[in-house]
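Student: I would like a close look at the open space in this model. Please concentrate on one pocket to begin with, and then set it in its surroundings.

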Amino acid sequence: MAKRTFSSFEIFLIFLLVITTGITVALLSLLFITSGTIENHTGFPSTQGPPATQSPPATQGSAAPQNSTPSRGPTTTQASPTPSTPEPTLFQNFSGYHIGVGRADCTGQVSDINLMGYAKTGQYARGILTRLYSRAFIMAEPDGSNRIVFVSIDIGMVSQRLRLEVLSRLQNKYGSLYRRDNVILSGTHTHSGPAGYFQYTTFVIASEGFSNRTFEYMVTGIVESVEIAHKNMKPGKIFINKGTVDGAQINRSPTSYLWNPQSERARYSSNTDKEMVLLKMVDLNGEELGLISWFAIHPVSMKNTNHLVNSDNVGYASYLFEQEKNKGYLPGEPSMCVAMGPGQDMFESTQIIGRIIYDKAKELYESASQEVTGPLASAHQWVNMTDVTVWLNSTHTVKTCKPALGYSFAAGTIDGFGTVSFTQGMTEGDSFWDTLRDQVLGKPSEEIKECHKPKPVLLQTGELLNPHPWHPDIVDVQIVTLGFLAITAIPGEFTTMSGRRLRQAVREEFEAYGMLNMTVVISGLCNVYTHYITTYEEYQAQRYEAASTIYGPHTLSAYIQLFRVLAKAIATDTVANLSSGPKPPFFEELMSPLIPNIVDRAPEGTTFGDVLLPANTIYRVGEVVEVTFVGANPKNSAENRTHQTFLTVEKYEATSATWQIMHNDASWETRFYWHKGSLGLSNATIQWHIPDTAQPGTYRIKYFGHSRKQDLLKPAVLLSFESTPSVFEVTTTW
């Protein structure tokens, strides 16, 4: 075959295509500067995990389109299999609920992967500040007939692929006991957890690929937390409390809030939701089991300059509560089963806001006295959110839209600015970006542009199907009720007023059918991620949150209508009559991570774990110990989990002549930094910020890891190692 040659003009066109493609990828990497007003949950399982929070609306908890391949869901079975684990014997003659709590590590890889939230190019994980946990809470009626599961996960948000795989594995183990209707998976919304666990192209691009390593780590941790909770179920009681939290949040788009009717705003004293709702769980002897709290906050104090995996301020609140309740245990150990900020840097801001949340949660926990009683129920539907007919009144209807992102989406927001010349509040497009988009991705249809007005469409994601759809069409709507408490699982982030409207509508629907005085909470970032949900009025302002409301101006009205249907079904005991809706796809052959696996190398004459820069011989309380070792890529440890921590701080006990572990990599006082060199070389630096509570004595720091080795024509192997220790003294005075 003759060799093909190109003309100068053809070379120019190829060059132009490469450049425009690069610009497009950079533009798409702006996706996800996820912020705003959302409800967050914090949970503190008192055997294996901490608390959760809400934001305006966010939650906390503790303790087959063209060219896509949705044919196989996660491993499924035709019939409900026999549970492989014997069902715990449930004592039935009592008043209350069976309660189980469980916590498991779901950190994933802590290097060579984007952090999920800001979608900032180059914000790769380079170490760890705190581990990430899945905290599961199971509540069942005394006869075990009805049960609900709430899982709070220290990740940015729950992806649809993650939920489908978790439900599949639970079905394989427990049959029909844990299902799509009675299991809620909710993310705490840290922006400092690993990305790479999504299946829709928008998020795969923002993640720079799909990481099966991290996906498996997360799925395994979530399922394990439910398994632990299942095994730990015991009779108990649940108490509820509410209180006001001051000084922990702001409304990120106050001018958008002002677009809401003045008469509606006059009913509230603030443009943020300050109420915390908390559940306290104890056994029949009063022994503590755990808690879940909901508080409306955008739980992001760590900036987009951070490279350490951590659970941010909500996670810090959970950390404080678990350390309080699990004295004598290291963070993360099994126990009694239970951007901008006010600080001088993001670490201090995280601590300040986290402590505010913790202090209020502790106060409400200790004073909780109103018992939750009543039956358990759950309702769920899959809904095609691109085609919902919304009844505004008895005669007028509107419809939702195919997904699209507006220009102000690319502008970012105050806690995560965009990187190009976009501004918030854009209601008109730009000819340059429109032309670039049209050339690379194609033109958006008139239908999608008209449907989204006044949003100028930047990316018509609902019309982009290669290599897979760019945004979900099918989303989950779900409510579970625990007596007079209703938990609404929201697949995105609500603004303050959106959350208020939904809670009111759901409460009114319950009341209309005889369920009076219901407390309604919102758990955000649940089950599948769909960006933001603003009110219709806020949508007109087209700030970041409105531009990120992907199903158009009537998205909130659609959700209110859908959640009313679920509330009515629960109140009238007609859940069995609900249609399950169209099942979402589960895509295969996702884009591989852009960063390849390479063999680790140690400098000549050294081995992995050797000390390069030792600690000083003596330190005072309040100072920082720092040791640098010959390192290996930490992502190896997400595959081979021989070691459960990257570091330990140990104190020598002379009476027993043993070293006692005082801190690990889940401790707030420690930091693990990985410094990537070239050709497989790297260093690892461990810091210990000596707390005021540290006792004088002899200490050492150890480093644990795994190196990747590959001989010619053989598969790679991961080899565990631990360092030689670096020993030093700690004193309270000189």
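Tutor: A pocket, as the word is used here, is an open set of grid points that has protein on both sides within 12 Å along at least five of seven lines. Please keep in mind throughout that the model is a predicted one.

The second largest pocket holds about 410 Å³ of space. It is lined by 23 residues, and those that come closest to its centre are Asp-273, Glu-275, Arg-503, Arg-507 and Val-520. When the whole lining is sorted by class, nine residues are charged, while seven are nonpolar and seven are polar. Four elements each contribute at least two of the lining residues, namely strand S10 (234-244), strand S11 (275-283), helix H11 (496-512) and strand S24 (519-523). Because the lining takes residues both from domain 1 (93-373) and from domain 2 (375-586), the second largest pocket lies between these two domains.

If one follows the chain on from S24, which is one of the contributors to that lining, one comes to the loop between S24 and strand S25 (532-533), and this loop contains His-531. Although His-531 is not a glycine, its phi is positive, near 65 degrees. His-531 has a relative accessibility of 1% and therefore counts as buried, since the cut-off for that class is under 20%. Tyr-532 appears under "binding site" in the UniProt record, an unreviewed entry, together with His-189, His-298 and Glu-493. Such annotations may be inferred rather than shown by experiment. Of the listed residues, His-189 sits in the loop between strand S8 (183-187) and strand S9 (193-194), and its relative accessible area of 0% makes it buried. Glu-493 belongs to strand S23 (residues 493-494), and Glu-493 too is buried, with a relative accessible area of 0%.

For the surroundings, the largest pocket is a natural next step, with a volume of about 1,000 Å³. It has 37 lining residues, and Tyr-319, His-663, Glu-669, Pro-691 and Thr-693 are those nearest its centre. The classes here are 16 nonpolar, 10 polar and 11 charged residues. Helix H7 (312-325), helix H8 (346-367), strand S30 (658-664) and strand S32 (682-689) each provide at least two residues of this lining. At the level of domains, domain 1 (93-373) and domain 3 (610-731) each give at least three residues to the lining of the largest pocket.

Two residues help to describe the elements that take part in this larger lining. Thr-350 is located in helix H8, and with a relative accessibility of 0% it counts as buried. Leaving aside residues up to four places away in sequence, Thr-350 is in contact with Ser-301, Met-302, Asp-312, Asn-313, Tyr-316 and Trp-668. Leu-679, by contrast, lies in the loop between strand S31 (670-676) and S32, and its relative accessible area of 67% places it among exposed residues, for which the limit is over 50%. Leu-679 is not a glycine, yet its phi is positive at about 55 degrees.

There is also closed space to consider. The largest cavity contains about 150 Å³ of space. Its lining is made up of 20 residues, with Tyr-133, Arg-135, Tyr-319, Glu-322 and Pro-331 closest to the centre. Two elements give two or more residues to it, strand S6 (133-140) and H7, and the largest share, four residues, comes from H7. By class, the lining of the largest cavity divides into seven nonpolar, seven polar and six charged residues. Tyr-319 thus appears both among the residues nearest the centre of the largest pocket and among those closest to the centre of the largest cavity.

Finally, two features of the backbone fall in loops of the chain. Lys-453 and Pro-454 are joined by a cis peptide bond with an omega of about 5 degrees, and Pro-454 is in the loop between helix H10 (446-452) and strand S20 (457-459). A cis peptide bond also joins Asn-466 and Pro-467, with omega at about -5 degrees, and Pro-467 is placed in the loop between S20 and strand S21 (474-482).

Terms used. Residues numbered from 1 in each chain as written. Predicted model: local features only at pLDDT ≥ 70, side-chain atom pairs only at ≥ 80, totals over all residues. Heavy atoms only, no water. 1 Å grid on protein atoms, 1.4 Å probe; cavity = no way out; pocket = protein on both sides within 12 Å on 5 of 7 lines; lining within 4 Å. Points joined across faces, edges and corners; volume = space filled by probe spheres on them. Nonpolar A, V, L, I, M, F, W, Y, C, P; charged D, E, K, R; others polar. Domains from an automatic or database assignment. Buried < 20%, exposed > 50% of the residue type's maximum accessible area, 1.4 Å probe, protein only. Contact = heavy atoms within 4.5 Å.
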